[in-house]
Amino acid sequence: MRCGIVEMRRGKFGQMTINDLFGGFYRGKRVLITGHTGFKGAWLSVWLNLLGADVVGVALDPDTDKGVYSLSGIGSRIIDLRGDIRDAALMKSIFTEYNPDIVFHLAAQPIVRLSYEIPAETYNVNVMGTVNILEAVRELKGKCAAVMITTDKCYENKEIKRGYREDDAMGGYDPYSSSKGAAEIAIASWRRSFFNLGDYAKHKKSVASARAGNVIGGGDWALDRIIPDCVRALESGTPITIRNRNSVRPWQHVLEPLGGYMLLAMNLWNEPLKFSDGWNFGPKQESVASVWEIASKVINCYGCGSLIDKSDLDAPHEAALLMLDITKAKNLLGWSPRMDVDKTVAMTVDWYKRYVSEDCYNLCLRQINKYISE
């Protein structure tokens with residue numbers, strides 16, 4: 001099924017409500033999301049709630065009151081739990097109590113430069129936290145499909161000029177990237193050791209991993225990310241400082257990979273033997289651009305601002321070139337990105353220009369509607 005086909009209708013009080021998506025697959029499904037108070041997790045919670053899923057979120061408190069989780073009020077529309085994925089016993093008890101059909105594991109320490117400051121904690125969260133979720137899934141008695149979210153940085157980056165494929169070697173230079181590579185190795189090990197497809201009839205668990213590019217969109221306020229850095233500068237009337245102007249990344253709107261994750265989970269549930277594997281969800285080739293180019297597009301959409309190049313040759317290492325090959329997702333899942341880089345930046349900036357004056361839940365709903373109409 002093609003991702004994103006949807007009908008919209010007007011509900012009470014003129015609010016937009018989703019009529020159908022993914023053939024109604026998610027309606028009534030119990031879906032557990034780790035990291036639902038974060039940037040991607042909050043958007044996923046809003047979207048799944050609109051699809052009629054019975055959403056359970058498990059996460060730490062949000063780190064900002066300006067993000068999608070806080071401003072949309074999505075916590076009041078779902079089962080909203082607090083918990084640290086490093087607490088294995090707690091994760092097992094939550095999974096056992098709520099017995100999810102679908103799991104999306106997004107909780108992580110996601111910042112490259114911060115991983116240089118807290119490398120052991122980064123590994124503890126990203127590797128052992130992932131292992132704890134895998135073990136919690138293993139405790140479940142019924143059928144479950146789990147999508148474990150990692151990153152494009154999980155690959156051993158050799159600065160090659162082709163996109164990384166799912167069978168390329170895992171690795172990573174910095175603690176964050178290498179922790180995600182290690183998490184991928186753990187996921188593959190658990191899939192072979194405890195969720196072996198040859199024994200699926202006995203355990204009924206299917207596990208896939210998903211790797212996305214540099215995700216941007218409304219409601220991200222993390223430090224050391226280009227869009228939040230741009231918006232903070234624009235809102236304060238100061239120039240935008242660029243750390244690594246020539247770093248090239250595969251930029252995509254947050255709704256692009258989320259649609260891929262949901263499509264993957266649906267297929268994983270319906271055909272576990274075919275889809276229990278690793279998957280790339282990247283943007284169109286023309287959406288691969290430098291940090292300087294992205295910041296310039298932000299200024300153009302915002303209508304004001306300026307850039308300052310503060311590239312520091314002594315800064316901690318970050319990859320200069322990173323791209324994903326999404327042929328597998330296109331051919332086997334029928335997924336492909338809908339927006340080019342200009343539409344991606346425009347939709348992102350539009351959210352930041354509106355979030356102060358508009359209802360955030362309806363703003364997110366309108367952007368989901370716009371995305372699926374592309």
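## Strand E12 and its partner

In this predicted model, strand E12, which covers residues 278-281, is buried on both of its faces. Gly 278 and Asn 280 lie on one side, while Trp 279 and Phe 281 lie on the other, and all four are buried. This arrangement can be read against a general pattern: in a regular strand, side chains alternate between the two faces of the sheet.

Which strand pairs with E12, and in what sense? The partner is strand E8, residues 205-212, and the two run in the parallel sense, joined over 4 bridges. Within this pairing, Arg 211 has Asn 280 of E12 as its bridge partner.

## Aromatic pairs

The model holds 13 aromatic pairs. In one of them, Tyr 261 and Phe 281 meet edge-to-face, with 5.8 Å from centre to centre and 80° between the planes. Because Tyr 261 lies in helix H9 (residues 255-270) and Phe 281 lies in strand E12, this pair ties together parts that are 20 residues apart in sequence. Tyr 261 and Phe 281 are both buried.

The pair of Trp 351 and Tyr 355 has ring centres 5.2 Å apart and planes at 5°, so it counts as stacked. Both of these residues, Trp 351 and Tyr 355, are buried, and ring pairs link them with Trp 221 and Tyr 352 into a cluster.

## Helix H13

Helix H13 runs over residues 341-354, and its 14 residues, at 1.5 Å a residue, should span 20 Å; the C-alpha atoms at its ends are 20 Å apart, which agrees with that expectation. At the N-terminal end, Asp 340 acts as a cap, with a side-chain oxygen placed 3.2 Å from the backbone nitrogen of Asp 342. The buried residues of H13 include Val 341, Thr 344, Val 345 and Met 347, and also Trp 351 and Tyr 352, two members of the ring cluster described above.

## Asp 80 and its surroundings

Asp 80 belongs to strand E5, residues 79-82. Is this residue buried or partly exposed? Its relative accessibility is 29%, and therefore Asp 80 counts as partly exposed.

Two polar contacts involve the side chain of Asp 80: one of 2.6 Å to the side chain of His 36, and one of 2.9 Å to the side chain of Arg 82. When neighbours within four places in sequence are left aside, Asp 80 is in contact with His 36, Gly 57, Tyr 69 and Gly 75.

## Arginines over rings

Arg 138 lies over the face of Phe 194, at 3.9 Å from the ring centre, and Arg 338 lies over the face of Tyr 371, at 5.8 Å from the ring centre.

Key:
Residues numbered from 1 in each chain as written. Predicted model: local features only at pLDDT ≥ 70, side-chain atom pairs only at ≥ 80, totals over all residues. Heavy atoms only, no water. Buried < 20%, exposed > 50% of the residue type's maximum accessible area, 1.4 Å probe, protein only. Pairing = 2+ DSSP bridges. Expected span 1.5 Å × (residues − 1). Polar contact = N/O pair within 3.5 Å; in protein donor to acceptor, adjacent residues only side chain to side chain. Contact = heavy atoms within 4.5 Å. Phe/Tyr/Trp six-rings, centres within 6.5 Å; stacked < 30°, edge-to-face > 60°. Lys NZ or Arg CZ within 6 Å of the ring centre and 35° of its normal.
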